[in-house]
Amino acid sequence: MTLETKGVPALEAQALSKTYGGRAGVRRSAAVRAVHEISFSIPKGSTFGLVGESGCGKTTTAKMLLGLEKPTAGELFYDGKPVAQKRDFAKLRSSVQAVFQSPSSSLSPRMRVAELITEPLIAQGKASSKDAVQKHAPRLLELVGLGASSLDRFPHEFSGGQQQRLAIARALSIEPSVIILDEPVSALDVSIRAQIINLLMDLQEQSGVSYLLIAHDIAVVEHMSHEIGVMYLGEIVERGPASAVVQQSKHPYTKALIEAVPVADPDAPRVRAVVTGEPPNPMNPPSGCSFHPRCIRAMDVCSVVKPTFMEVERNHWVACHLYT
C-alpha cells in the first residue's frame, strides 16, 4: 500500500527504549534490553506495520504507546504533542485504543454485547448508559457487520471472528485517532482472517483512523501497511515503504522472514535465506550487529562494530554493514 500524507503525524516515537531490571539492591537483577532506540511515525489515516520474531519487543512497544509501560528513554508524540506522564496518557484515552490477539480473553464474559461495546463511551463521559445502549450500540454493531439481534447476547455465544468484530466495535466506539492492533488475526482461522483484515481496511478508509499493526506474518503486514518496520532483538533493523521492504528487502533478517512465508505452489522455485541458531539472550546481547551470530553473510566487522541505521534508498532505511 502507498499513501501520500503531509502535516503532523498521528503518532511518532523518537529513540524509544525500555529496559527491565538492572537495579542495585540485595539481589541485583540482570538488565533486559527489551526495546532499544526505535523511531518511527504514523501519518494520519495510514498503517505502520511492526514485524519480527516472538520476543523481539513488538508487544513491549505497544505497551509503551498505550501508557501501560513507561519508557526508559526516548520521546513519544500523539498529534504532535509530547506524552511523558500518566496524566498525559489519561488525556489521550479517547484518542488511542487497542485490539488484542485473543478476543475471548479481552471481552468480559459477564457483560452483554450492548454494554460491552459501549463501555468506553460511558467511561469517557461521552454518553449515558441509556443513550449508549439505545443509540450507539446498534450503530457500532452495524459498522462491524453484526446485526442488532446480537445486543443481548454474551461474548461466548459468538465465534472467534465475531468476537474480534466486537473487540473492534468497542475500540471504535469513542472514534479514536489511533488503534494499536496487536496480532489482531493470528488466533483466527485463515478464512476469517481475510474478513477481519478487509473490515479493518474498510474502516480505515471510512474514518481515517491510523493503525499500528503488530504481527508475525509479514504477508499480512505487507497487505495492510503503508510502511513496515522489521524488529530484531529490540531494534528496528529495516524500515521503509511496505512494497520496498518486502519486494526489495535489504537486511538478511528481513529476507529470511519473507522466505519463511508459505507459498501455495509447491513447484514454485524458491531460494531460502537460511537463519541458523536461536535468537540471542537479551540480557547478554552480542557485540556489533545483534544479528551477526545467525547471519550467513556476516563479515568480521559485524561482530565488532554496530551498523549505522542509514537511508539506502528513498525512505528505505537499514542497519547492515553490507550497505556501508
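Biologist: Tyr232 is buried in this structure, and Phe291 is buried as well; what makes a residue count as buried?

Modeller: Buried means under 20% relative accessible area, exposed means over 50%, and partly exposed lies in between, with a 1.4 Å probe and protein chains only. Please keep in mind that this is a predicted model, in which local features need pLDDT of at least 70 and side-chain atom pairs count only at pLDDT 80 or more, whereas totals for chains, interfaces and linings use all residues. Residues are numbered from 1 along each chain as its sequence is written, and side-chain values use heavy atoms, with hydrogens and water left out.

Biologist: Why is the pair of Tyr232 and Phe291 called edge-to-face?

Modeller: Rings of Phe, Tyr and Trp (its six-membered ring) pair if their centres lie within 6.5 Å, and planes under 30 degrees apart count as stacked, over 60 as edge-to-face and the rest as tilted. The centres of Tyr232 and Phe291 are 5.1 Å apart and the angle between the planes is 85 degrees, so the pair meets the distance limit and falls in the edge-to-face class. Together with Tyr253, these two residues form one aromatic cluster.

Biologist: What makes this pair a link between separate parts of the sequence?

Modeller: Tyr232 lies in strand E9 (residues 227–232), while Phe291 lies in the loop between helix H10 (252–259) and strand E11 (309–313), so the pair ties together parts that are 59 residues apart in sequence. Helices (H or I, at least four residues) and strands (E, at least two) are DSSP runs, numbered from the N terminus.

Biologist: Of the five aromatic pairs, which class does the pair of Phe40 and Phe48 belong to, and why?

Modeller: The ring centres of Phe40 and Phe48 are 4.6 Å apart and their planes are at 5 degrees, so the pair is stacked. Phe40 is buried at a relative accessible area of 4%, and Phe48, at 1%, is buried too.

Biologist: How do you know that Arg153 lies over the face of Phe158?

Modeller: A charge sits over a ring if NZ of Lys or CZ of Arg is within 6 Å of the ring centre and within 35 degrees of the ring normal. Arg153 is at 4.1 Å from the ring centre of Phe158, and the charged end of Lys18 sits over the ring of Tyr20 at 5.1 Å from its centre.

Biologist: What contacts does the side chain of Ser225 make with the backbone of Val221 and Gly49?

Modeller: A polar contact is a pair of N or O atoms within 3.5 Å; within protein, one must be able to donate a hydrogen and the other to accept it, and residues adjacent in sequence count only if both atoms are side-chain atoms. The Ser225 side chain reaches the backbone oxygen of Val221 at 2.8 Å, and one of its polar atoms lies 3.5 Å from the backbone nitrogen of Gly49. Ser225 is in the loop between helix H8 (218–224) and E9, and its relative accessible area of 0% makes it buried.

Biologist: Which residues of helix H4 are buried?

Modeller: In H4 (residues 113–123), the buried residues include Val113, Ala114, Leu116 and Ile117. The helix is followed by Gly125, which has a positive phi, near 70 degrees.
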